[in-house]
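Here are some exercises to work through with the model open in your viewer. Try each one before you read its solution.

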Amino acid sequence: MPLSNYFMSTELVVDVVVEKTGFLTKLLQKIVDVSPEEVRPMLLSCAYFFFLLSSYFILRPIRDEIGAANGVQNLPWLFTGTLLTTLVASPIFSTLVVKLPVKRFITYTYLFFTTNIAVFYFLFKFLPPSKVFLPSCVFFVWISMFNLFVVSIFWAFMADVFHPSQGKRLFGFIAGGGTLGSLVGSAITASLAVKIGTINLFLISVILLLGGLFCVQVFPTNFRKNLDSEPDDPEFTKNLIGGKILAGLTHTTKSPYLLGICCYVFLFTIGSTFLYFQQTSIVATAFQQRGERQAFLAKLDFIISLLTLLIQFLLAGRIIQRFGISLTLAFLPALSIIGFAGLGAVPMLPVFAGFQIMRRSSNFAISGTVREVLFTVLSREDKYKAKNFIDTFVYRSGDQIGAWSNALLAWVGLGFAGISWVAVPISILWLILGLWLGYKQIELVKQTDPQ
């Protein structure tokens, strides 16, 4: 059977299952505010995100262990390499967006990353231990870029197919699919890293990433036929977005709203980078064996994913609807103010672990989800190009500034506690910006979405 026919037959089966299973729809409606016609795309979106993040979280502890093994003093250079790689990759991605239909450029991008994982598998499988240092550094840089691009593409696609009002209701639940994937990926690494060897985990990651690609292929192209903004284009995902390659940059610099999102992401990333450096330092000190470090980091990811999952599936959508965009965007900065102040006062592993768990779970479950809602009011071109520019270049620029700022602060004599105190005023500025962005998003919704 031709592959296209296989996708079509599978799509039909999914349609029948969802439409005939009234019990499933009623059950979901008790958890999330979803209409019957939204069930199928919502569940496919969950599955899509599940496969992406399970693939990534299998590899994430390996990257973090590489960072700890190479030493915190080398991390700024690895972050620099990540930024430079992103600078090269972003124009290539924009070219695909301009020249190819949405589903096709997503397919090409994911197949490219799948091939990369296979290449790393063969390198680590057959190179002698004395030769793996350089490939390990390349892998650290690559996986940081991989995570940003595949997740950015996913949320751009979600912002494209769902209305702002739908995003508020459904994005929290959809994000829960990714969290479940991160939970499964972390559990796979924690349980199998020693039993089957780290290298063989790469093959599992490849299979899962291909699962995400499959979900893209069977996603309902006629979903928007009931949406007001695209009444004459029911198969809009097959059409070219077009525009200019550098539109992501030029549109962002001309829009106060997009610049505000840039600054919000930038400040978030600086704080996350500070915390990542603290994690690398404290984990390297607390655990001497590579296997112990991998197991601890995987368990930390597992706890974060479990807590995030519960919030996303049960509370996130209702929290966003109840408190609104502004207060939801301000929650994580407020938590960061408290957490960094706590680390400054008591710089110990249990305090760090507790703050890391609360910050990352809150980001994944609430703040990260509501950030994606900000993009639903943009044009289709900006949803892919400007969003990708922000999610990759701006994000990695924040990484870069945070990495070298951390090194500079350490050089002038600030230790673990001192750097934590520096992050407090940064978080205060971040909180103010979140409140402003929520106000602007509401204004744009009134202009673009009559619902």
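**Exercise 1.** Is Arg60 buried or exposed, and what is its relative accessible area?

Solution. Keep in mind that you're working on a predicted model. Start by placing the residue: Arg60 sits in helix H3, which covers residues 36-70. Next, take its relative accessible area, which is 11%. The cut-off for buried is under 20%, so Arg60 counts as buried. Finally, look for its partners: setting aside residues up to four places away in sequence, Arg60 touches Ile143, Asp301 and Arg360.

**Exercise 2.** Get the overall picture: find how many helices and strands the protein has, and what share of its residues is buried.

Solution. Count the secondary structure and you get 14 helices and zero strands. Read along the sequence, the pattern is therefore just α repeated, α-α-α-α-α-α-α-α-α-α-α-α-α-α. Now turn to burial: 58% of the 451 residues count as buried. For the contacts, take pairs at least 6 apart in sequence; 86% of these join residues at least 24 apart.

**Exercise 3.** Check whether the end-to-end distance of helix H6 agrees with its number of residues.

Solution. H6 runs over residues 133-161, which is 29 residues. At 1.5 Å a residue, the expected span is 42 Å; the rule multiplies by one less than the number of residues. The C-alpha atoms at the two ends are 43 Å apart, so the two values agree. As for its surroundings, H6 is mostly covered, with 26 of its 29 residues buried.

**Exercise 4.** Find the largest nonpolar core and work out which helix gives it the largest share of residues.

Solution. As background, nonpolar side chains tend to be buried together in soluble globular proteins. Here the largest nonpolar core has 91 residues. Those with the most contacts inside this core are Tyr48, Tyr110, Trp142, Met158 and Ile174. The largest share, 16 residues, comes from H6. Then zoom in on Tyr48: beyond residues up to four places away in sequence, its contacts include Ile106, Tyr110, Ile153, Phe154, Phe157 and Met158, along with Gly212, Cys215 and Val216. There's also a second, separate core of 20 residues, with Leu343, Phe352, Leu409 and Val424 among them.

**Exercise 5.** Describe how helices H7 and H12 pack, then sort the residues of their contact by type.

Solution. Two numbers do the job: two packed helices are described by the angle between their axes and the distance between the axes. For H7 (residues 164-192) and H12 (residues 349-373), the angle is about 145° and the axes are 9 Å apart. The handedness of this H7 and H12 crossing is right-handed. On the H7 side, the contact is made by Pro164, Gly167, Lys168, Phe171, Gly172 and Ala175, while H12 supplies Phe364, Thr369, Glu372 and Val373. Sorted by type, the contact residues come to five nonpolar, three polar and two charged.

**Exercise 6.** Look at Gly317 and Phe313 in H11, and decide for each whether it is buried or partly exposed.

Solution. Take Gly317 to begin with: it lies in H11, residues 290-345. Its relative accessible area is 12%, so Gly317 is buried. Leaving out neighbours within four places in sequence, Gly317 is in contact with Lys168 and Arg169. Gly317 also lies 6.4 Å from Leu170, C-alpha to C-alpha, although 147 residues separate them in sequence.

Now Phe313, which is in H11 as well. Its relative accessibility is 21%, so Phe313 counts as partly exposed. Not counting residues up to four places away in sequence, Phe313 touches Ile31, Phe173, Gly176 and Gly177. Ile31 is 282 residues away along the chain, yet the C-alpha atoms of Phe313 and Ile31 are separated by 7.1 Å.

**Exercise 7.** Place Leu52 and find its contacts.

Solution. Leu52 belongs to helix H3. Its relative accessibility is 1%, so Leu52 counts as buried. Apart from residues up to four places away in sequence, Leu52 touches Tyr110, Val150, Phe154 and Leu209. For a longer step along the chain, try Gly177: Leu52 and Gly177 are 125 residues apart in sequence, and their C-alpha atoms are 9.6 Å apart.

Methods. Residues numbered from 1 in each chain as written. Predicted model: local features only at pLDDT ≥ 70, side-chain atom pairs only at ≥ 80, totals over all residues. Heavy atoms only, no water. Helix = DSSP H or I, 4+ residues; strand = E, 2+ residues; numbered from the N terminus. Buried < 20%, exposed > 50% of the residue type's maximum accessible area, 1.4 Å probe, protein only. Core = buried A, V, L, I, M, F, W, Y, C linked by side-chain atoms within 4.5 Å. Contact = heavy atoms within 4.5 Å. Axes fitted to C-alpha atoms, helices over the stretch in contact; angles between N-to-C directions. Left-handed = near helix turned anticlockwise from the far one by under 90°. Nonpolar A, V, L, I, M, F, W, Y, C, P; charged D, E, K, R; others polar.
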